[in-house]
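Reader: I have a new model open on my screen and would like some help reading it. Could you walk me through it?

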Amino acid sequence: MKLSLTQYALLGLNIAYRLYSGLFMIIADCDETFNYWEPLNLLLRGFGKETWEYSPEYKIRSYAYLLPYYLLGKVCQLFNLSPVTIFYCIRVFGIIGFTCYCEWKLFNSLRRYSPTLANWWLLFNTIAPGMSHAGVALLPSSLAMQTATLANSYLLRAIGDGRQLSQNISKAVFWYFIGGILGWPFALALGLPIGLYTVYHSVITRTVSFSIYFRIAGVMLLIVAAVVAIDTVFYRNIMFVPANIVLYNVFGGEGEGPEIFGVEPMSYYILNLALNFHVIFPLGIAGMVLNPIIAQGKEFALLISMQLVTWVGIFFVQPHKEERFLYPIYSLISLLAAMLVSKLTLGFKRFIPKRAYAVLQAVFIIGLITVSNLRIVNLVENYGAPLKTFSAVAKLEHTSPVNVCMGKEWYHFPASFFLPDSHRLRFVDCGFDGLLPADFYEEGSVFDSTTFIPPNMNNKNKFELDKVVALQECDYFVDNSQVNSIPQLIYPNLTTAPGWQLMECNKILNPEGQHSFIGKLLYIPYFKVEFMDFCLIRKEAAV
């Protein structure tokens, strides 16, 4: 089936949005930096910050997840690219490239079923602000989002083509396993509805042979074996890291488990989805309820709705909530909204004059794109200072060891890819009472680094003094322009302190400033937003 001009335009829009995210979108979660970019920097450059999750004592992070990005990074190194350029190559070609591929696959399956539905889904998914950062994040939950999109593209083909039912179900299951075993084990929950679907067609309708279970078991064992083999090499200990993740998060002992990192009410997720999907979110929720009743493809609609219900049922009741935990269902929200809108538009066309319908549709689409753009630009303009300021750090030239320090802004560090080879990130005491990352062991091979047990690590988020250095050891410092009110702070506002030279500043939203509600959410300069400076400063005696 040939693409229409509208579909070519939508694909071009998709690529443009994703490329913009790859080049400019913020790193929204410090977990992305310290649990994934930092160990990836270790694999490629031999140094980085290590969290307790990678300590061989705990082993709840998998190197298998990082391996594809490591291979891409090694290819980039063959062209003698700078570390910052490699960072953006991995973002654009590795993460964004795969996101676009997954979106294309589902779009291609949908357009064979309904071109109108395909168009609405690609539009919604492309412009959704949540996808602008979920689709570029180096996070297992982002991989789960990508693989869920792929799996549902094959699920739709399975429903639409009974002759290849077993083959397409097997492909869908394969991608669910990739997202759950290579990525995030909790993402396997998204595959439960297709498991029930498979059982139904093998036991009730008998349209699927029981041999599919052997095929599925073989696929699962192959993926598990690969992950076990890779992590066994890096940790030098036979293990299955996804099992460790589940054991810690579900069966952690007293003072352990995800709750020690904070708890949020259920409204946290609702507000988060409303911000990341605006009108697409309520349309998706309405579609979750109505699509299995009114949609043309009721079976497919039911399976998509069941996936969303499963995810909401599991994660909305968990005390510890994080935005990235919702990433796996992002494309499903867009899909359910698109199903509902495509069905509603058929009714509108029957009762509204053609010209009036065209005007209403244009106003609706322009409104969606405008609100999405204002939110996406808001994220880049108001929170993009760390990437800009550390781009200046990347241009520093020293051959001797140099300490680049951070205090109260430690969680805004983007990645050691922004540090020259002789530079290392250090932390100074800023009153933060949790466990800061340590340095990966740098003596010997990479495998010596991944198997070395760093001292004074714990899985209870308790502060350890050996993770910080004295201010006197810092050659450069990255800080904001706000005076810290914490009494035990050992340094003043360095951006104006004697003995320090200001090198570069970029504006960042002041979390304690006075903002208008709209100005904080959308990039509309008319509404008041209070900024502070995010600065790179140099000790005057630094060489």
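Reader: Happy to start with the overall layout: how far apart do the centres of domain 2 and domain 3 lie?

Author: Gladly, and please keep in mind that this is a predicted model. The domain assignment places domain 2 at residues 266–351 and domain 3 at 385–539, with domain 1 at 165–252. Taking the C-alpha centres of domain 2 and domain 3, the separation is 38 Å.

Reader: UniProt lists transmembrane regions at residues 173–200 and 212–235, among others. What share of residues 212–235 is helix?

Author: Both spans come from an unreviewed UniProt entry. For residues 173–200, the model has 71% helix and no strand (0%), and the end C-alpha atoms are 15 Å apart. Over residues 212–235 the end C-alpha atoms lie 34 Å apart, strand is again 0%, and the helix share is 100%.

Reader: Which helix gives the most to the largest nonpolar core?

Author: That core has 152 residues, and those with the most contacts inside it include Trp-37, Leu-138 and Phe-390. Another core, of nine residues, lies apart from it and has Leu-471 and Phe-477 among its members. The helix that gives the most to the largest core spans residues 83–113 and supplies 13 residues: α4.

Reader: Let's stay with that helix, then. Where is the kink in α4 centred?

Author: From its first C-alpha to its last, α4 reaches 44 Å, close to the 45 Å expected for its 31 residues. Of those 31 residues, 22 are buried, which leaves α4 mostly covered. The kink is about 30°, and its centre is Ile-96.

Reader: Which phenylalanines does Trp-37 contact, leaving aside its neighbours within four places in sequence?

Author: Trp-37 is among the residues with the most contacts inside the largest nonpolar core. Its partners beyond those neighbours include Ile-90, Arg-91, Leu-138 and Pro-414. The phenylalanines in that list are Phe-87 and Phe-417.

Reader: Lys-59 has a positive phi, near 50°. Is Lys-59 buried or exposed?

Author: Lys-59 sits in the loop between β1 (49–50) and α3 (67–78). Its relative accessibility is 15%, and the cut-off for buried is under 20%. Lys-59 therefore counts as buried.

Reader: And what is the relative accessible area of Asn-456?

Author: Asn-456 also has a positive phi, about 55°, although it is not a glycine. Its place is in the loop between α18 (446–451) and β5 (476–480). Asn-456 is partly exposed, and its relative accessible area is 41%.

Notes
Residues are numbered from 1 along each chain as its sequence is written. This is a predicted model: local features need pLDDT of at least 70, side-chain atom pairs count only at pLDDT 80 or more; totals for chains, interfaces and linings use all residues. Side-chain values use heavy atoms; hydrogens and water are left out. UniProt positions are given in the numbering used here, feature names are shortened, and annotations may be inferred rather than shown by experiment. Helices (H or I, at least four residues) and strands (E, at least two) are DSSP runs, numbered from the N terminus. Domain bounds come from an automatic or database domain assignment. A nonpolar core is a set of buried Ala, Val, Leu, Ile, Met, Phe, Trp, Tyr and Cys residues joined through side-chain atoms within 4.5 Å. Buried means under 20% relative accessible area, exposed over 50%, partly exposed in between (1.4 Å probe, protein chains only). Contact means heavy atoms within 4.5 Å. The expected span of a helix is 1.5 Å times one less than its number of residues. The bend at a residue is the angle between axes fitted to the seven residues ending there and the seven starting there.
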